[in-house]
Amino acid sequence: MTTTKIYIVYYSLYGHVETMAREIQRGANAVQDVEATLWQVPETLSNLILQKMKAPSKADDVPEIKPEQLSEADGFVFGFPSRFGVMAAQCKAFFEATHQLWEKQALAGKPAGIFWSTGFHGGGQELTALTAVTQLAHHGMIYVPIGYTFGSGMFEMNEVKGGSPYGAGTYAADGSREPSELELKQAFYQGKYVAEMAKKLKH
């Protein structure tokens, strides 16, 4: 059986989304005949601004992706932090650079999931996902939400947990909070779920 390629394309400023992305990659790679690869969205902020924001260095083992490379994949999981309830500008700039792929509808019919990080409950846990769907729709991609297939983890009320039926998520609070064990389990599950869907669609 041929390999199903999943691209996990993310932007992470302080590392929360990157942590989730690596867990999603693990989940996707747990599916037989699936090859999941991590890619970073290009940074748009200057080094000076990043220094003033005390942003850590980007992961040196994850290459930056060019828009045209998206056509190589069979499926995607896109991840980003929320900015005022929507995806970070770096991700929006990346999607806007996919104009040539849009003209050809080169990504039409390919499945895609979404994951995110917000600071707090009202920071866009669901709105970020809902507004990101427009990017997928214009490309004709098939949005793959996880629904409530994650089971009892979707109904956890005794601890803070990001994510929703739209995808996996985490809370960063003031930046000091890291993704919890349950949030990472949901991320792993999402990677596996989207990979399985992409594999079915391909074959």
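A pocket, in these views, is an open set of points on a 1 Å grid over the protein atoms alone, with protein on both sides within 12 Å along at least five of seven lines, and its lining residues have an atom within 4 Å of a point. Keep in mind that every close-up shows a predicted model.

**View 1. The second largest pocket, with its lining residues.** This pocket has a volume of about 190 Å³. Running along the chain, its lining takes in H121, E126, Y148, M154, E156 and M157, and then E159, V160, K161, G163, S164 and P165. Sorted by class, that makes 5 nonpolar, 3 polar and 4 charged residues. E126, one of the lining residues, also helps with getting your bearings: its C-alpha atom is separated by 20 Å from that of E23, and the two are 103 residues apart along the chain.

**View 2. The largest pocket, zoomed in on the residues nearest its centre.** Here there is about 330 Å³ of space. The lining counts 22 residues, and the ones that lie nearest the centre are S82, R83, T118, G119 and A172. Which elements supply at least two lining residues each? They are helix α1 (16-29) and the strands β3 and β5. Of these, β3 gives the largest share, 3 residues. The class tally for this lining is 9 nonpolar, 11 polar and 2 charged residues.

**View 3. E23, a glutamate in helix α1.** Is E23 buried or exposed? With a relative accessible area of 17%, E23 is buried, because the cut-off for that word is under 20%. Leaving aside residues up to four places away in sequence, E23 touches L184, A187 and F188.

**View 4. Helix α5 (residues 127-139) and its buried side.** T128, A129, A132, Q135, L136 and H139 are the buried residues of this helix. They sit on the same side of α5, because the arc they cover around the axis is only 100°. As a reminder, an α-helix has 3.6 residues a turn, so residues three or four places apart point the same way. Quite a cast covers the buried residues of α5, including the strands β3 (75-83), β4 (86-87), β5 (111-118) and β6 (142-143), along with the helices α3 (89-96) and α4 (99-104). Flip to the face turned away from the buried side and you find the exposed residues A137 and H138. Just after the helix comes G140, which takes a positive phi of about 80°.

**View 5. Helix α3, with the residues that cover its buried side.** What is buried here? Q90, C91, F94 and F95. Their arc around the axis spans only 135°, which puts them on the same side of α3. The covering elements include the strands β1, β3 and β4 and the helix α5. On the face turned away from that buried side, α3 carries A89 and E96, both exposed.

**View 6. The largest cavity, wrapped by its lining residues.** The count of cavities of 30 Å³ or more comes to 1, and the largest cavity has a volume of about 30 Å³. Around it you'll find V9, V41, F78, G79, F80, C91, F94 and F95. β3 and α3 are the elements that give two or more residues to this lining. Its makeup is 7 nonpolar residues, 1 polar residue and no charged ones. From the previous view you'll recognise C91, F94 and F95, which are among the buried residues of α3.

**View 7. Strand β1 (residues 4-10) next to strand β2 (residues 34-40).** The two strands pair in the parallel sense, over 7 bridges. To find the register, look for Y7 of β1, which stands opposite T37 in β2. Strand β1 is mostly covered, with 6 of its 7 residues buried.

**View 8. H203, in the segment after α6 (181-202).** How much of H203 is open to solvent can be read from its relative accessible area of 47%, which makes it partly exposed. Which residues does H203 touch, not counting those up to four places away in sequence? M1, T2 and T4. For a sense of scale, H203 and A55 are 42 Å apart in space, C-alpha to C-alpha, and 148 residues apart in sequence.

Methods: Residues are numbered from 1 along each chain as its sequence is written. This is a predicted model: local features need pLDDT of at least 70, side-chain atom pairs count only at pLDDT 80 or more; totals for chains, interfaces and linings use all residues. Side-chain values use heavy atoms; hydrogens and water are left out. Buried means under 20% relative accessible area, exposed over 50%, partly exposed in between (1.4 Å probe, protein chains only). Helices (H or I, at least four residues) and strands (E, at least two) are DSSP runs, numbered from the N terminus. The arc is that of the directions from the helix axis to the C-beta atoms. Contact means heavy atoms within 4.5 Å. On a 1 Å grid over the protein atoms alone, a cavity is a set of points where a 1.4 Å probe fits but cannot get out, and a pocket is an open set with protein on both sides within 12 Å along at least five of seven lines; lining residues have an atom within 4 Å of a point. Grid points are joined across faces, edges and corners, and a volume is the space filled by probe spheres set on the points. Ala, Val, Leu, Ile, Met, Phe, Trp, Tyr, Cys and Pro count as nonpolar, Asp, Glu, Lys and Arg as charged, and the others, Gly among them, as polar. Two strands pair if DSSP finds at least two bridges between them.
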